[in-house]
Each structure stands twice: as C-alpha cells, then as structure tokens.
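I opened this notebook to record what I looked up in the structure. The entries follow the order in which I made them.

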Amino acid sequence: MTDNGKLFLHKSGDMHTQYGFVKAEIIENSKPGTVVKTNTGSEMTVLEAGFLDLYKKMKRGAQIIPLKDIGKIIAETGMSKKSVVLDAGSGSGAVCCFAANIAKKVYTYEIRDDFAGIVKKNIDFLGLKNVVMRKKDIYDGISEKNIDIMILDLPEPWKVIPHALKAVKVGGYIVSYSPTIPQVSDFVEEVRRTKGFVHLKTTETIEREWDIEGRKIRPKSQPIGHSGFMSFVRRI
Ligand code: SAH
C-alpha cells in the first residue's frame, strides 16, 4: 500500500505499479509493516492481504452493491455465523461473497452463464467454501427452506415473494435492493398483499466523505451518486 492508501495486490512475480516495480523476492521476504522502495524510489508498506483487500480486487461483471449498503443490510438483519443466506441475482458475487465471509452458508442464484462464471472465480479467489451456486431463474422457484436472510437485487423482486413464503423461515428477513422507486412500490405492494410478511421499512443510505487537509476541512466535491433503496421485510 502507498502512503496515500492505494492498494496493490501481489500474487506472484514482480509487482508492477504506476509508482514503479518491486521485485517478487523483496515482497515475499518482507514482514507486514516493512517499507519497501520501488525502482523509481516510491515507498510502499507491505501488508498481508485481508478479506477486504481481496474483496476490492474481485472481478466485476454486473453493478455491485456498494459497501455502505452492504453494511446496512448486515446490521439490519443481524447476519451472523449462524445465518443461512440466499442471494439473487449473484451478479458479480459481491453480496454473496461478503455474506459468505460472515454467515454459515450462502445460496446464490444467477440466470446468466457469464455472470455465474465470474462469481465462481470470485468465490475461489476469496477461498470461500460455504457458497452453493444455483444457475437458475429464481422467478421459477427456490429449492431451499429455512432461509434466515434473503437478499434480492433483481429487476422484478416482487416475483420472488410467493416462493419466499415457503423458503424463508418464520422470523427471517428479506431485503430487496432496487435503484428505482417504481420497483420499490411494486415490491412493497406485493409484500402487503401476501399474508405472512410484514414490511418493516424502506431506506436509502447516503454516505458523504470529507477532505481533512489543513484548513480544507469540508465534504469532498464530487457529487453524491445514487445507488439503491433497501426494503426490509420480515416473515411472520
Ligand atoms: N448483488 C449483486 C449484483 C446483482 S446484479 C452484487 O453485489 O454483485 C443483478 C443480477 O441478477 C444480474 O447478474 C442478472 O443476470 C441477475 N438476474 C436477473 N434476473 C434473474 C432471475 N430471474 N434469476 C436469477 N438471476 C437473475
């Protein structure tokens, strides 16, 4: 990592970066915390790659749910090492892999072959052993029962509600993540029509990063982008 927080991942061979290169044997023989110099004299600190370091280097296909929203989903559902999670669609596998690092087991549904391939690569890259991949259309049904937490990031999440009634255990949660309000509305209306579910709330999380440099202490100037709305539902 550079002193401005830029992260480079070393797997094998010499590490080439925009700040110059470092020879493989120098990195491999350095303890975490050691400062090494690139051939052009830039300093980098050697760190052991943790889950988040690898997560940030995952392959991307579909648009992923950002960390600020993943954090909210985990907090609001109380996800833990006892949780059995179902996630659809897998997309790039960001939610799937983040959940698998916390939960007991994750089932992930993806309809597209190309995305399913990316997710498999990401699962292997992160060394996760508790993920079951289902290459199928979740609107056709769900094979699992006793799910504690279901996370939906789909164009038409309301189509999953009839199947979720059988798949999610009483007391379990559904979180539906949608970028637009018409999707939220159709989803919540379907939840309200279905006996056995209660809509807890719909929220969005706005994160604002600040510059802290001398007297320039103010919100960063880049615009705040929109990600998605989160609707939280409980099976009763
Ligand atoms: N939450 C994911 C991104 C999901 S993008 C992440 O963080 O990485 C939405 C995904 O849903 C796409 O990959 C799309 O192919 C998949 N999808 C759309 N309809 C589906 C369906 N009916 N069944 C399963 N997957 C579906």
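**Entry 1: a strand residue and its patch**

I began with Leu200, which sits in strand β10, spanning residues 197–203. The model is a predicted one. I then asked whether Leu200 is buried or exposed. Its relative accessibility is 44%, so Leu200 counts as partly exposed; the class in between runs from 20% to 50%. I also noted that Leu200 joins Val198 and Ile236 in a nonpolar surface patch of about 260 Å².

**Entry 2: the ligand and its shell**

Which residues come nearest to the ligand? I found 23 residues around the ligand, and the nearest are Glu110, Phe115, Asp137, Ile138 and Asp153. By class, I recorded twelve nonpolar, six polar and five charged residues in this shell.

I next looked up polar contacts. In the side chain of Asp137, an N or O atom is 2.7 Å from a nitrogen atom of the ligand. On the backbone side, an N or O atom of Ala94 lies 3.1 Å from an oxygen atom of the ligand, and for a backbone N or O atom of Gly93 I noted 3.3 Å to an oxygen atom of the ligand. On its own the ligand has 580 Å² of accessible area, of which the protein covers 90%.

**Entry 3: a helix residue**

I turned last to Glu25, placed in helix α1, residues 24–28. Glu25 counts as partly exposed because its relative accessibility is 44%. I then checked the separation of Glu25 from Val175: they are 150 residues apart in sequence, and their C-alpha atoms are 46 Å apart in space.

Definitions and conventions
Residues numbered from 1 in each chain as written. Predicted model: local features only at pLDDT ≥ 70, side-chain atom pairs only at ≥ 80, totals over all residues. Heavy atoms only, no water. Patch = residues over 30% accessible without salt bridge, like charges linked within 9 Å, V, L, I, M, F, W, Y side chains within 5 Å. Areas by Shrake-Rupley, 256 points an atom, 1.4 Å probe, with all protein chains shown as cover. Salt bridge = Lys/Arg side-chain N within 4 Å of Asp/Glu carboxyl O. Helix = DSSP H or I, 4+ residues; strand = E, 2+ residues; numbered from the N terminus. Buried < 20%, exposed > 50% of the residue type's maximum accessible area, 1.4 Å probe, protein only. Near = heavy atom within 4 Å. Polar contact = N/O pair within 3.5 Å; in protein donor to acceptor, adjacent residues only side chain to side chain. Nonpolar A, V, L, I, M, F, W, Y, C, P; charged D, E, K, R; others polar.
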